[in-house]
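Please look over the structure shown below, and read the report that follows alongside it. The report takes up open space, the sheet and its helices, and then a few single residues.

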Amino acid sequence: MTSAMRLGLTGGIGSGKSEVARRFAQRGALLIDADELSREAVAPGSPGLAEIAHLWPAVVRKDETLDRAALAQIVFDDEHARENLNAIIHPEVRRLAAQRENLAKPGQLIVHEVPLLFETGYDALVDASLLIIAPYADRIARVMNRDGIAEDQVKARIAAQMSPQEARSRATYVIVNDAGLEQLLERADEMYDTVLRAGRTE
Ligand code: ATP
């Protein structure tokens, strides 16, 4: 592998992708977090925020910060508004991701952690994808515990995402996270080696 290989890491809410991402970073991967970039894309002074202010002036506060709750309210049941927002954020996230990729060393694995990898078409920008799947009941319990929210809320969030079955049919690699954390990290280590090997033979 002469140039760096890009892996898209995805999975539904509470599936365990951040744990796997962290492990890959410990093993030497360059981690690019799409959630972090989408916040950076609308940071004060950013071109993204200027475009949002142009379309929805009321959601940008006087101190140049974004009122996320107000924006979420606007796009919640307005598909056209959601498309407009995505048309601002997605290209900006990709531009920032490309900037980060320039930091990769030759042969380093670049991992893009993207919750909506397939839904947003981000998968077209990576060489391979890794999906993390966990049992429904485990995901509910973990997210309730981690975020302190009610069971119904977790179920609604899961229902709003692509089904694991559909994601599975699109992913290059899958890790099933159906045991303890230690086993997950072991599976992540094996997967890291597999992905690197595949990258070398490309
Ligand atoms: P989100 O999309 O909601 O951010 P995620 O896919 O990144 O979720 P993680 O944050 O990695 O999920 O995992 C959710 C929580 O469950 C974390 O607190 C994590 O430590 C824990 N967890 C993940 N897998 C296991 C496991 N196999 N055993 C015990 N705890 C686990």
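## The largest pocket

The lining of the largest pocket is made up of 21 nonpolar, 12 polar and 16 charged residues. This and everything that follows refers to a predicted model. The largest pocket has a volume of about 2,100 Å³, and of the 49 residues that line it, those closest to its centre are Asp35, Ser38, Pro115, Leu116 and Gln161.

Several helices contribute to this lining: helix H1 (17–26), helix H2 (34–40), H4, H5, helix H6 (136–147) and H9 each supply at least two residues. Among the contributors to the lining of the largest pocket, H5 has the largest share, with nine residues.

## The cavity

When the whole structure is searched, one cavity of 30 Å³ or more is found. The space in the largest cavity comes to about 160 Å³, and 16 residues line it, of which Gly11, Gly12, Leu131, Met162 and Ala167 are the closest to its centre.

By class, nine of the residues lining the largest cavity are nonpolar, five are polar and two are charged. Strand E1 (5–11), strand E4 (128–133) and helix H8 (164–170) each supply at least two residues of this lining, and E4 gives the most, with three residues.

## The sheet

An open sheet is formed by five strands in the order E2-E3-E1-E4-E5, with parallel pairing. Strand E2 (30–33) and strand E5 (173–176) are the edge strands, each of which pairs on one side only, and from one strand to the next the twist averages 25°.

Following the order of the strands, E2 and strand E3 (residues 109–113) run parallel and are joined by four bridges, with Asp33 having Glu113 as its bridge partner in E3. E3 in turn pairs with E1 in the parallel sense over five bridges, and here Leu7 stands opposite Val111 in E3. E1 and E4 are likewise paired in the parallel sense over five bridges; Gly8 has Ser129 as its bridge partner in E4, while Gly11 stands opposite Ile132 in E4. Four bridges then join E4 to E5, and these two strands run parallel, with Ile175 in E5 as the bridge partner of Ile132.

## Buried strands and covering helices

How many residues of E4 are buried? Six of the six residues of E4 are buried, so this strand is largely enclosed by the rest of the structure. Both of its faces are covered, since Ala128, Leu130 and Ile132 on one side and Ser129, Leu131 and Ile133 on the other are all buried. E1 is also mostly covered, with six of its seven residues buried.

Two helices can be described in relation to these strands. Helix H5 (residues 79–101) packs on the sheet, where it touches E1, E2 and E3, and its direction makes about 170° with that of E2. Helix H9 (residues 181–200) lies across E1, E3, E4 and E5 and runs at about 170° to E5. Both helices have already appeared in the account of open space, as H5 and H9 each supply at least two residues of the lining of the largest pocket.

## Two residues outside the sheet

Glu64 lies in the loop between helix H3 (47–55) and helix H4 (68–76). The phi angle of Glu64 is near 70°, a positive value in a residue other than glycine. Is Glu64 buried or partly exposed? With a relative accessible area of 38%, Glu64 is partly exposed, because this value falls between the 20% under which a residue counts as buried and the 50% over which a residue counts as exposed.

Ala137 is found in helix H6, one of the helices that supply at least two residues of the lining of the largest pocket. At a relative accessibility of 54%, Ala137 counts as exposed, because the cut-off for that class is over 50%. Ala137 and Glu64 are 73 residues apart in sequence, and from C-alpha to C-alpha they are 41 Å apart in space.

How values were computed
Residues numbered from 1 in each chain as written. Predicted model: local features only at pLDDT ≥ 70, side-chain atom pairs only at ≥ 80, totals over all residues. Heavy atoms only, no water. 1 Å grid on protein atoms, 1.4 Å probe; cavity = no way out; pocket = protein on both sides within 12 Å on 5 of 7 lines; lining within 4 Å. Points joined across faces, edges and corners; volume = space filled by probe spheres on them. Nonpolar A, V, L, I, M, F, W, Y, C, P; charged D, E, K, R; others polar. Pairing = 2+ DSSP bridges. Axes fitted to C-alpha atoms, helices over the stretch in contact; angles between N-to-C directions. Contact = heavy atoms within 4.5 Å. Buried < 20%, exposed > 50% of the residue type's maximum accessible area, 1.4 Å probe, protein only.
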